[in-house]
Amino acid sequence: MSEDLDTSGALGGTLAGTLATRIAAALERPVEHAVRAFAERLAPVDALGVLFYGSNLRTGSLDGVLDFYVLTQGPQVEKIWPRVSYHEWTCDGVPLRAKVATMALETFRAAAAGDLLDTTIWARFVQPCALAWERDAEAGAAIADAVAQAACTAARLAVALGPAAGTPDDYWRALFQATYAAEFRVEKAGREDSILAANRAHFDGLLPLALIAGGIGFARGAGSTIRPDMPPAERARLLGWWKRRQRLGKPYNVLRLLKASTTFDGAARYAAWKIERHTGVPVTLTPWRERHPVLAAPGVLWQVWRRRKAGDRPA
């Protein structure tokens, strides 16, 4: 049997339509006019759609940095994806900032389906997101299918990692604990609980729908408890699939960070904004700092430290 999770066929079934309908409706959730306008502005000529996600989606705030995924047609150009960039724009007098990840839709779909070694796509997009811009209805449907693939992949691993019987929260909690541990980043203890608490409506009823779409049966118990019907051999296969990704998760994310350090378009402006936001010390961007943000970083941080001691003056 292939190591791939092979959820794509399951989504074509009759029962899967319930998950597909739910995902399509979730992607149409309302977002601020400025967010939709920014998403359209960010879309290149080959874009199929722009997903909006993160805390700003939940709160509706335009403050801070908005998070977008731009999905394009055609083959994936970069071997280490996505391509990351930072943008600033003023809409109706409101200054907006955005961090944008760009990748081919086909690569996004394959990652969401668990066909690739990546762990970030399906773990990220089983969480709430909105389709802030789409080229047309066909492109929107293809993106919705890819996001549904992410839900199936996440649900299958969640029940493989979780208890023999438990609430949906028990399984989602097991999933997020495992994926955070596999990535090269530090999260506060209990991060998985805050995700579930902040997005209660999104996760309510999602696990059973994703299991049905993924071809996994289950029995319902008292309250919201379920008992997945996963044969031991299938569980062992899924855990083997996961262990390989878990083992390679941190090295792969380090490669992404190294790539981003040299290809992050607008990195200097993004870093300057972050520094000022967190320290209160404005950073003056020179042409050299714009061209060489990594080389400039030690000197800038040293100057920020000195300015903070001396008073708030541009670094």
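**Notebook: confidence, the α7–α8 crossing, and T59**

I began with residues 6–15, over which pLDDT (the predictor's confidence in each residue, from 0 to 100) stays under 50, and for this stretch the model has 19 contacts (heavy atoms within 4.5 Å) beyond four places in sequence. Where pLDDT is low, the predicted coordinates should not be read in detail. For the chain I noted a mean pLDDT of 85, with 76% of its residues reaching 70 or more.

I kept in mind that this is a predicted model, in which local features need pLDDT of at least 70 and side-chain atom pairs count only at pLDDT 80 or more, while totals for chains, interfaces and linings use all residues. Numbering runs from 1 along each chain as its sequence is written, and side-chain values use heavy atoms, with hydrogens and water left out.

Next I looked up helix α7 (residues 168–182) and helix α8 (residues 191–198), whose axes come within 9 Å and cross at roughly 130°. That makes α7 oblique to α8. I recorded the crossing of α7 and α8 as right-handed. On the α7 side I found D169, W172, R173, F176, Q177 and Y180, which meet R191, E192, D193, I195 and L196 in α8. I sorted the residues of this contact into five nonpolar, one polar and five charged.

Last I turned to T59, which lies in helix α3 (residues 55–59). A polar atom of the T59 side chain lies 3.2 Å from the backbone nitrogen of S61. I also checked T59 against A198, and the two are 139 residues apart in sequence but 9.8 Å apart in space, C-alpha to C-alpha.

Methods:
Axes fitted to C-alpha atoms, helices over the stretch in contact; angles between N-to-C directions. Helix = DSSP H or I, 4+ residues; strand = E, 2+ residues; numbered from the N terminus. Parallel < 35°, antiparallel > 145°, perpendicular 65-115°, else oblique. Left-handed = near helix turned anticlockwise from the far one by under 90°. Nonpolar A, V, L, I, M, F, W, Y, C, P; charged D, E, K, R; others polar. Polar contact = N/O pair within 3.5 Å; in protein donor to acceptor, adjacent residues only side chain to side chain.
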